[in-house]
Amino acid sequence: MTGNSNEPLEDADLPAGTDELLEDVGHIPTPSGLSANKTDSPRRRFWRRMFKNPLGVFSMLWFLILLVAWVWPELLATHDPFKQDLTFTRLYEGPSSDHWLGTDERGRDFYSRVIHGAGFAFRSILIAMTIAVGVGVPLGMFSGWRGGRLDRAIMWVNDVFFSLPIILLAMAVIIILSPSLDNAMIGVGIAMSTRFTRLTRAVTLQEKEELYVDAARISGLSTPTVLARYIAPNLLSSLIVQAAIISGAIILIGATLSFLGIGASLDDPDWGVMLNRGRNIFRTEGIWQIVPPGAALILTVLAFNLLGDAIRDAIGRDASNNALTISKRVDIAPSDRPHRPGALLSVRTIDVEFPSPGKEPVQILNGVSLGVLPGKTLGIVGESGSGKSMTVLSALGLTPAPGRLTRGSVQFDERDVTSLSESEWQEIRGKDIGVIFQEPIAVLNPAIKVGKQLMEPLLLHTELSKAEARQRAVELLAEVKVPDPERRMDQYPHEFSGGMAQRVGIAMALACSPKLLIADEPTTALDVTVQGQILDLLMDLQKERGTSIILITHDLGVIAEVADRVIVMYAGQVVEGGLADDIFGRPRHPYTKALLDTMPQNHHGGEGDDLAVIPGVVPAPTDWPVGCRFAPRCQYATDRCREEMPVLEVLSDGVIVRCHHHEELSGEAYAGRGEVSL
Amino acid sequence: MTQPLLSVEHLAVHFAGRGRLFSPDPPPVKAVNDVSFTIDSQRTFGLVGESGSGKSTVARAILQLVDIHDGSIHLDGDDVTRVARSAELGFRKRVQAVLQDPFSSLNQVHTTETIIGDPITRHLAIKAGDERRERVADLLDLVGLGHEFLDRYPYEMSGGQRQRISIARALAVEPDLVIADEATSALDVSIQSQVINLLREIQRERDVAFLFIAHDLEVVSHMSHDVGVMYLGYLVERGPSDDVYAQPTHPYTEMLIASIPFPEPGEQAKRRGLRQTFKVAEPPSPANLPPGCPFENRCPVAMDICREEMPAVTQAHHGGEARCHLHTSGPELGGGSVVEFIRSEARGNVGV
Amino acid sequence: MAKYIGFRLLATIPLLFAIAVVTFLIAVAMEANGSIAGQVCGEGATTECILEIEESLGLNDPLPTRFVSWLGDVLSGDLGVSLLDRNASVNELISERIWPSLSIVGLSLIIGISLGMLMGVVAAIRPGGLVDRTFSVAAASVIAAPGFLIGMMLAWGIGVELGWLSPVGYTSPSESITGWFKSLILPSIALGMPTLAIVQRQLRSSMANSLQSRYILAARARGVGRATLIGRHALPNAMVPTITVIGFRAASAIGLTTAIEIVFGIRGMGEMLVSAILNRNVTVLQGGMLVVGLVVSTVNLLVDISYGFLNPKVRLNK
Ligand SMILES: Nc1ncnc2c1ncn2[C@@H]1O[C@H](COP(=O)(O)OP(=O)(O)OP(=O)(O)O)[C@@H](O)[C@H]1O
Ligand code: SF4
Ligand code: SF4
Ligand SMILES: [Mg+2]
């Protein structure tokens, strides 16, 4: 009844636009392009998914039969459904070769009556649906588009009707007009229109805010055009799903009313009426009389519901994995490289792959190694899709399912943690390793007070009592400079700004004084002025506590500010690594150099000073080249680069680099870098 | 002096609060207050500021997408503050936009040809067909995309490619002014530079003016001839971009500059020291602005008067304007750069 | 929170008024559709009968006067007398009929919500697993079956064939508590099964959504165990949309119990309303509709209040 944004599934589940979109914003790294086969249009994919879903196929077949039964019942029926045979022995006859399903209380052929019943069901749907869609969709569109007080008033009235039992509304119409199935369906139609109003309004409100609607208006398109050509198509898929499910409900309600004797006339071959007849005699004559109409009714409603589900699944995204799903254990091939001595966390040549149905699994991390020393900061930099987040998640045993670690070894604090069980990991995560994420508000549970969430790791991993944990949590908030910590403890996440929420995230990660802090794009979602303050906070805390930090970012400036060592990732591989001063002062890999050159900070010319560019785009994991993965975009690429993948070499000054030509390049072509000035 | 292409005077946009059906409305959100600037034809004016500072709202006001509370907007001397329905078509042809999000600013259900073709049909009266298709193909050439993109849907393109389509759509009707709101912000670093270069090239070839909006001062000053810095709905500084960058006349501008991470450890360490002189505090809510300077609670050199009185606009040394009391009270900088003053004050505070 | 509840309470008043107006208009509409008195008194009605009924309905007064006096009666708790049996007051009729109906609806909701939530959570833990798929198919089939059909099957199978419980009738708790409970079991299961399936499906789906959230991954990265993740982190968020569905279902259960009562031969509100419709017994209809409307509004109020508990945003906005 409230204007809650969390609409329930049955009423306003909005199938999301496209998979790709969701994969991109849902930050859990999914190899983009894995499922997005370029030639596979949504329409094609929709039908492919529909036909692969056995339940969807079942429902479509059932509708085919019903359709025939409705349009041309004589084709299927064997008898006239109204022809009575009052011979005594002919009443309540069991199935026979003449009467396949037997006869009813007047000796009428049961099978033929059931077949004719389909017509009543569809007629009901037709009447109720015409009213429901005819009233609900325009009203919802109008209300959502118009907004303001009128919208609120319309929705209030709508919600009142929405919350009344449909049967009751149908009864009211029957009372006012007169008992008949058609009249009842008028009432049902009005009741169901409230569902469509809600759904349409929700979609319209959402689409109205979409930038493409602004874009259309900027192009000078008129409001009706925008509604018809832009909003309506996006509404259609949700409407179809909703209509399928509501059709099932309409049949159910029609049957109930007929069963009560206030729907279809008592002679009609309507399923509800037949059930009503069956009710009078099942205690004496047995259950048979309710089986055929009951089965027809159930199958039809089921088919509608399954159809709705199938359409939803075929449009929407695959929900079969969640953050709880622990990725499948497979044999992990050991790494051939020794761990870095003295490192707090050392990752050696890990591979991560995602199974792709019917094809070779797609590798999205390939031989990634890294190490961080106690008290030091390692920066990982790369563009989106390069595998930064996946690397650290996999090192923590959090590889998102269905992805899995297939090679390599991870050592934390002198202990091999490559194949720890989930419960062993629970001892380490939060206690020895803290994690900070990119979207500071989204990682806080919206239903739980911030203070409680902050106390959680303390209660889990330390011996503190509840009161002590609360005390400690307040101290932590003060430590991360959240003003007024006592009051803030009892607030909910949505009352925090992004910057303040990120401070809470830091406090939470540091609550148990972990040895290692992993920060995945901790400032990307924040304003630049707030970003600086968050970085300051991290650095200060590191100085005080001696925590090691792994900081992931796509911003080389942030790396320059905080990192001691840096690794640069491209397309699932480490392409360069070393001390920050070396990487910024003398980049050896063409990609690192190109990245630095594209930054406007390194350009301060006037008119003619165009930015350096890296041509092309980061390829999707399915399209990674066989040779050097950067070759298609590299200005120094040779035939060798295109055929043979370079290996990671360790240079004399400790820098590692994956390029065939780094020696020649770092000589002349790179000369001049290092004298960056403002 | 010729007339500016666009002139915005004392623009204010307020959003009415939205209460429940039977309760009074909360106070309005003052998203834009007293903003004035001009754009000459074939020039670029950049607008920076943090999230929620009102940049997009200024753009949306110019584009007639939100109601204006106060002030006026002129295009080539014609008052277009509230464009009449009859005149809307002409206005729409002259002012176009490239919007922030390359995913949602294109409708997923149409192909490139329709997306770029629709405005062509609307404004240039060229019906769908070979001629329109050819025009769209030419535009694709202009933005550096192959003709195979004509029949592609947005979901078949990368973020950078979608943004190029948006640019092509904006240019399709040969506008005089293109408003680019965060046109490059959602893109990867390597793609961002491609799009920035493209915009600059287009300006050279097509003689359009840009209003370029972004939250990254570095990108904005690279793109623009003049910049305006917004804070909580106010334009706190405005001037030629190189001068504003080098010699800012408002403490907030200085804070922005100091906050941009620089990809070189030595230089970055310097910026960091400067940045730390600014106070950690939450900006006030635009629904509840303080009577004085909105930046007061974060400003390292705030004075008593700042808490009480809204600073007036003063002439700045670079020819632009600044909205800060420092120029008329306290050190009375008289429109000069605030950099030295803030640094010496900061040193004073630390006791060096 | 108190403020929020107060606000919701206030918001119920216009709703109740709206229900009263609609109920009143039912009588007006019926009249427009042919003389009620004529229909009630039957063919060959005496003028006496007709006059008496017209008088008791106040049909000769102007509409607003009628509404005011009707509303006054209703507010003072007088719903009038049945047109068919001039000795039976509607108040008594309803107070006799409402308890069986409320008992069935109440028990059915308890069964449906508790089991439905349990099964929803279990299914969401491993989406696509064997348990999940079994539950999904079962839930989908149950949702497709109307409650009265399930009722008939139960009455036949357990009542007639097995003879474990009586397939007809209702025992009042004043007669025998166990007898009362026994007479409720079958009807409540019949009405509760679809509730169970609906709650299961909704919770399963919102749990699946909730478990995909970033905050679950973040909590897992903090070392939070599985049980806590499901029970304390995912469930409260998943409950918000589920509560809406439960409220919606509770309202429709109030309507659907009509058919269940008829299957089990229980003389409740439903049976009363249906025969009042067929007999065009206006006063009983009005009284019945009004009371049902009141119950539905109470359910909605409870739903809104539980929103406030579950969803901090709703509460704080006001
Ligand atoms: N339709 C609206 N209704 C109410 N308030 C709004 C609306 N649009 C914007 N605002 C408010 O107006 C203020 C300015 O918003 P605006 O979008 O212009 O900021 P911005 O500078 O573009 O931020 P960003 O960098 O995040 O895009 C903000 O406080 C915002 O919440
Ligand atoms: S290996 Fe070749 S293609 Fe790859 S980065 Fe080096 S020079 Fe470029
Ligand atoms: S007016 Fe005062 S508070 Fe505002 S920026 Fe200037 S000095 Fe700082
Ligand atoms: Mg914006």
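The exercises below, each with a worked solution, concern a predicted model.

**Exercise 1. The surroundings of ligand 1**

Work out which residues come nearest to ligand 1, and which elements of chain B supply its shell.

*Solution.* Begin with the residues themselves: the shell around ligand 1 holds 13 of them, and those that come nearest are B:Ser51, B:Gly52, B:Lys55, B:Ser56 and B:Thr57. Next, sort the shell by class, which gives four nonpolar, six polar and three charged residues. Then turn to the secondary structure, where β2 (29–39) and α1 (55–62) of chain B each supply at least two residues, and α1(B) gives the most, with three residues. The next step is to look at individual atoms. A polar side-chain atom of B:Ser51 lies 2.7 Å from an oxygen atom of ligand 1, while for B:Gly54 a backbone N or O atom lies 3.0 Å from an oxygen atom of the ligand. In B:Glu182, a polar side-chain atom is found 3.5 Å from an oxygen atom of ligand 1. Finally, consider coverage: ligand 1 has 640 Å² of accessible area on its own, of which the protein covers 63%.

**Exercise 2. The shells of ligands 2 and 3**

Determine how the residues around ligand 2 and those around ligand 3 divide by class.

*Solution.* Take ligand 2 to start with, whose surrounding residues include A:Cys628, A:Cys634, A:Cys641 and A:Cys659, as well as A:His589, A:His660 and A:His661. By class, this shell has eight nonpolar, three polar and no charged residues; cysteine counts among the nonpolar residues in this division. For ligand 3, the shell has 13 residues, and the closest are B:Cys293, B:Cys299, B:Cys306, B:Cys324 and B:His325. Its division is into ten nonpolar, two polar and one charged.

**Exercise 3. The largest nonpolar core**

Identify the residues that touch the most other members of the largest nonpolar core, and the helix of chain A that gives the most to it.

*Solution.* The core has 159 residues, and those touching the most other members are A:Met171, A:Val188, A:Ile250, A:Trp271, C:Phe148 and C:Met152. Helix α11 (residues 223–260) of chain A gives the most to this core, with 17 residues. To see one of these residues in its setting, follow C:Phe148 and leave aside its neighbours within four places in sequence: in chain A this residue is in contact with A:Ala255, A:Thr256, A:Phe259 and A:Leu275, and in chain C with C:Ala259, C:Ile260 and C:Val263. As background, nonpolar side chains in soluble globular proteins tend to be buried together.

**Exercise 4. A helix and a methionine of chain A**

Decide whether helix α16 of chain A is mostly covered or uncovered, and whether A:Met60 is buried, partly exposed or exposed.

*Solution.* Helix α16 (residues 450–461) has twelve residues, and nine of them are buried, so that the helix is mostly covered. Among the buried residues are A:Gln453, A:Glu456 and A:His461, together with A:Leu454, A:Met455 and A:Leu458. What covers them includes α15 (422–428), α17 (466–479), α18 (485–489) and α19 (498–510) of chain A, and also α10 (226–263) of chain C.

For A:Met60, which is found in helix α4 (residues 54–71) of chain A, the relative accessibility is 23%, and therefore the residue counts as partly exposed. Not counting residues up to four places away in sequence, A:Met60 touches A:Trp47, A:Met50, A:Phe51 and A:Leu307.

**Exercise 5. Two residues with positive phi**

Establish where A:Glu521 and B:Ala125 lie, and whether each is buried or exposed.

*Solution.* The starting point is that most residues other than glycine have a negative phi. A:Glu521 nevertheless has a phi near 45 degrees, and B:Ala125 has a positive phi of about 55 degrees. As for position, A:Glu521 lies in the loop between β7 (516–520) and α20 (528–545) of chain A, and B:Ala125 in the loop between α3 (112–124) and α4 (130–142) of chain B. The last step is accessibility: A:Glu521 has a relative accessible area of 7% and is therefore buried, whereas B:Ala125, at 66% relative accessibility, counts as exposed.

**Exercise 6. Chain A as a whole**

Describe chain A by its secondary structure and its buried share.

*Solution.* Chain A comes to 25 helices and twelve strands, and of its 678 residues 59% count as buried. The chain exposes about 26200 Å², of which carbon and sulfur atoms supply 57%.

Notes:
Residues are numbered from 1 along each chain as its sequence is written. Chains are lettered from A and ligands numbered from 1 in the order in which they are written. This is a predicted model: local features need pLDDT of at least 70, side-chain atom pairs count only at pLDDT 80 or more; totals for chains, interfaces and linings use all residues. Side-chain values use heavy atoms; hydrogens and water are left out. A residue is near a molecule or strand if one of its heavy atoms lies within 4 Å of it. A polar contact is a pair of N or O atoms within 3.5 Å; within protein, one must be able to donate a hydrogen and the other to accept it, and residues adjacent in sequence count only if both atoms are side-chain atoms. Accessible areas come from the Shrake-Rupley method with a 1.4 Å probe; for residues, only the protein chains shown count as cover. Helices (H or I, at least four residues) and strands (E, at least two) are DSSP runs, numbered from the N terminus. A nonpolar core is a set of buried Ala, Val, Leu, Ile, Met, Phe, Trp, Tyr and Cys residues joined through side-chain atoms within 4.5 Å. Buried means under 20% relative accessible area, exposed over 50%, partly exposed in between (1.4 Å probe, protein chains only). Contact means heavy atoms within 4.5 Å.
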